[in-house]
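Me: I should like to go through the structural labels for this protein and the grounds on which each one rests. Please set each value against its criterion.

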Amino acid sequence: MSKKITAPEIRARKGGPKITVVTAYDYPGAVIADRAGVDIILIGDSVANVVHGMDTTLEIGLNEMVLHTRAVRS
């Protein structure tokens, strides 16, 4: 995996090079994003709709969010 970028590094880029952010909900998606050089991988609550087919993002629970975060973090 790529070198982790820190919050101060992101702040230091204000007004400079663009920051790339992509959403990933699982390990394969995170690996692809990482290999592409993406700065930040977002694990959003939209996983409720996109992966689980829920009607709203309010239906996703903390346990499911932790599961997806762990998968992306691996």
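Me: What share of the residues of the protein count as buried, and what makes a residue buried?
Reply: In this predicted model, 18% of the 74 residues count as buried. The label requires a relative accessible area under 20%.

Me: How do you know that Lys-3 is to be called exposed?
Reply: The relative accessibility of Lys-3 is 67%. The cut-off for exposed is over 50%, so Lys-3 counts as exposed. Lys-3 is found in the segment before helix 1, which covers residues 7-12.

Me: Why is Asp-39 called partly exposed?
Reply: Asp-39 has a relative accessibility of 22%. Buried would require a value under 20%, and exposed a value over 50%. The value for Asp-39 lies in between, and Asp-39 therefore counts as partly exposed.

Me: What makes the pair of Arg-13 and Asp-39 a salt bridge?
Reply: The closest N and O atoms of Arg-13 and Asp-39 are 3.0 Å apart. The criterion asks for a side-chain nitrogen of Lys or Arg within 4 Å of a carboxyl oxygen of Asp or Glu, so the pair qualifies as a salt bridge. In general, side chains of opposite charge can pair when their charged atoms come close. The structure holds one salt bridge.

Me: Which parts of the protein does the salt bridge of Arg-13 and Asp-39 tie together?
Reply: Arg-13 lies in the loop between helix 1 and strand 1 (21-23), whereas Asp-39 lies in the loop between helix 2 (27-35) and strand 2. The pair therefore ties together parts that are 26 residues apart in sequence.

Me: Why is Leu-42 called partly exposed?
Reply: Leu-42 has a relative accessible area of 42%. Partly exposed is the class in between under 20% and over 50%, so the label applies to Leu-42. Leu-42 lies in strand 2, which comprises residues 40-42.

Me: Which residues form a nonpolar patch with Leu-42, and what makes Leu-42 eligible for a patch?
Reply: Ile-19, Val-21 and Ile-40 form the patch together with Leu-42, with about 300 Å² of accessible area together. A patch residue needs over 30% relative accessible area, and Leu-42 has 42%. Leu is among the side chains counted as nonpolar.

Me: In what order do the helices and strands of the protein run?
Reply: From the N terminus on, the order is α-β-α-β-α-α. The secondary structure comes to four helices and two strands.

How values were computed
Residues are numbered from 1 along each chain as its sequence is written. This is a predicted model: local features need pLDDT of at least 70, side-chain atom pairs count only at pLDDT 80 or more; totals for chains, interfaces and linings use all residues. Side-chain values use heavy atoms; hydrogens and water are left out. Patches are made of residues with over 30% relative accessible area and no salt bridge: like charges are joined within 9 Å, nonpolar side chains (Val, Leu, Ile, Met, Phe, Trp, Tyr) within 5 Å. Accessible areas come from the Shrake-Rupley method with a 1.4 Å probe; for residues, only the protein chains shown count as cover. Buried means under 20% relative accessible area, exposed over 50%, partly exposed in between (1.4 Å probe, protein chains only).
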